[in-house]
Amino acid sequence: MNLTSRLLRAVRPWLRRHDALKRFLQSQEQRVARLRHDFAQRFPALIRPTPRQITIAITAACNLRCIGCRYGRDFMVGEHLDVQTVLDCLDDAAAAGVATARFYGGEPLLHRDLPRMIAHAKRLGMDAYVTTNATLLGDRIDELHAAGLRWLTIGFYGVGQAYDSYTQREGHFDKLQRSLATVRSRCGDAIAMQMNYMLSRRSCHVDDVRAAWKLVEQYDLHLGVDPVSRTIPFFRVPGDELSIPPEMRPELLAVAAEFERLKTLRPDRVVPSRTFLRMLPALLLEDAASRIPCDAYELLWVGADGTVQLCDVAFPLGSLKEKRLRDILFTEKHCRAARDGFALKCPTCMCKIDSRIRRHTASVRQHGQ
């Protein structure tokens with residue numbers, strides 16, 4: 001574990017109690033990262049793998065059938081990671097300085113050993129969170145909370161019938177609401193929940209944003225924004241059903257303005273940066289806009305079949321069925337993938353796009369912070 005990782009792990013619990021100092025240090029970190037990216041565009045050798053978060057897709061199974069998503073259908077069908085493989089992976093990740101473990105799917109709540117995985121990550125001193133559709137959350141929240149879960153992110157696809165139509169499961173918006181209510185009644189504010197609004201052709205309407213905001217207020221949520229992407233391997237946009245067409249630019253501009261209004265109203269609840277929110281129209285309508293140097297050198301992704309990649313889109317590094325994670329990390333292949341990812345020698349995607357924008361001097365200068 002490098003010195004920076006040791007320091008971050010040591011001071012993180014203390015910083016949670018000092019928000020102003022935490023925000024100041026985060027702003028300084030952004031400036032340093034921006035300088036590093038500026039120099040790295042001229043001197044690529046400055047980019048080296050420094051993994052800070054690992055995403056582990058513990059199962060490919062899912063209880064929903066969302067339009068465009070291939071999980072549960074024709075992507076890694078039947079694959080899941082056994083608990084010992086995940087625990088070994090977490091051991092190796094923590095030893096390498098990874099600070100955060102994200103448990104993903106498919107639908108991770110379908111994996112019976114998820115609480116054990118969370119508890120192990122917490123014992124290793126890692127932050128641990130889950131990305132879920134949350135329709136099963138009410139049934140498992142007690143054991144997840146007991147295991148140490150304190151925050152989670154939720155994919156969000158609309159309110160009421162719009163949600164059921166997109167997920168192709170009737171009655172599941174009601175299940176989502178019941179789960180959110182159960183978390184709050186059982187755990188109060190001990191668990192932070194972030195609702196990630198998937199911005200697509202179906203949801204590109206100000207009224208939809210305002211309906212989502214009512215849920216944010218009702219259940220004390222944070223709000224994120226995920227622009228629809230065409231290049232994620234487990235997601236295939238069917239025709240033009242989800243992509244936002246150029247003729248919807250007025251609606252997209254209005255939606256971006258509404259998100260920014262909410263950011264001004266509740267900066268503590270709207271997570272994305274203003275720079276990102278102002279760039280949403282360009283990101284969704286102009287392919288070149290997302291060609292911003294990538295910081296996937298800070299990531300690791302593990303698929304439900306044991307595949308290890310730099311991110312969930314590209315740069316395979318090995319397989320946990322053949323090697324331990326510790327034997328895959330920091331090899332020449334890993335170093336080359338970090339540099340190639342930064343240089344966008346891959347399908348251009350929206351992964352970590354807000355983080356990338358914050359580290360991109362030209363975007364910050366053009367759109368403000």
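Where is Met76 found? In this predicted model, Met76 sits in the loop between β1 and α3 (83–95). Its backbone has a positive phi of about 50°, although Met76 is not a glycine. Is Met76 buried or exposed? Met76 counts as buried, because its relative accessibility is 17% and the cut-off for buried is under 20%.

Other loops also hold backbone features to look at. Lys352 lies in the loop between α11 (332–342) and α12 (353–358). Lys352 is not a glycine, and its phi is positive, at about 55°. With a relative accessibility of 26%, Lys352 counts as partly exposed. In the loop between β2 (100–104) and α4 (114–123) we find Gly106. The peptide bond from Gly105 to Gly106 is cis, and its omega is near 10°.

Next comes helix α8, which covers residues 206–219. The helix has 14 residues and reaches 20 Å from its first C-alpha to its last, close to the 20 Å expected at 1.5 Å a residue. Which residues of α8 are buried? They are Val209, Ala212, Trp213, Leu215, Val216 and Tyr219. These buried residues cover an arc of only 155° around the axis, so they are on the same side of α8. The general rule behind such a pattern is that an α-helix has 3.6 residues a turn, so residues three or four places apart point the same way.

What do the buried residues of α8 pack against? Their partners are three strands and two helices by name: β4 (151–156), β5 (192–199) and β6 (222–227), together with α7 (172–187) and α9 (249–265). The face of α8 turned away from the buried side carries Asp207, Lys214, Glu217 and Gln218, which are exposed. Just after the helix, Asp220 takes a positive phi of about 55°.

Two buried residues show what surrounds a side chain inside the model. Val130 is found in strand β3 (residues 127–132). Val130 counts as buried because its relative accessibility is 2%. Leaving aside neighbours within four places in sequence, Val130 is in contact with Phe103, Pro108, Leu109, Leu114, Ile118, Leu149, Trp151, Leu152 and Thr153. How many residues apart in sequence are Val130 and Ile56? They are 74 residues apart in sequence, while in space the separation is 9.7 Å, C-alpha to C-alpha.

The other buried residue is His334, which is found in helix α11. His334 has a relative accessible area of 0%, and is therefore buried. Its contacts, again leaving aside neighbours within four places in sequence, are Pro49, Leu300, Leu310, Leu317, Ile328 and Leu329.

The last stop is on the surface. Which residues make a nonpolar surface patch of about 430 Å²? Leu35, Phe39, Phe43 and Leu46 make this patch. One of these residues, Leu46, has its place in the loop between α2 (19–40) and β1 (53–57). Leu46 is partly exposed because its relative accessible area is 48%, and a residue counts as exposed only over 50%.

How values were computed: Residues numbered from 1 in each chain as written. Predicted model: local features only at pLDDT ≥ 70, side-chain atom pairs only at ≥ 80, totals over all residues. Heavy atoms only, no water. Patch = residues over 30% accessible without salt bridge, like charges linked within 9 Å, V, L, I, M, F, W, Y side chains within 5 Å. Areas by Shrake-Rupley, 256 points an atom, 1.4 Å probe, with all protein chains shown as cover. Salt bridge = Lys/Arg side-chain N within 4 Å of Asp/Glu carboxyl O. Helix = DSSP H or I, 4+ residues; strand = E, 2+ residues; numbered from the N terminus. Buried < 20%, exposed > 50% of the residue type's maximum accessible area, 1.4 Å probe, protein only. Expected span 1.5 Å × (residues − 1). Arc of directions from axis to C-beta. Contact = heavy atoms within 4.5 Å.
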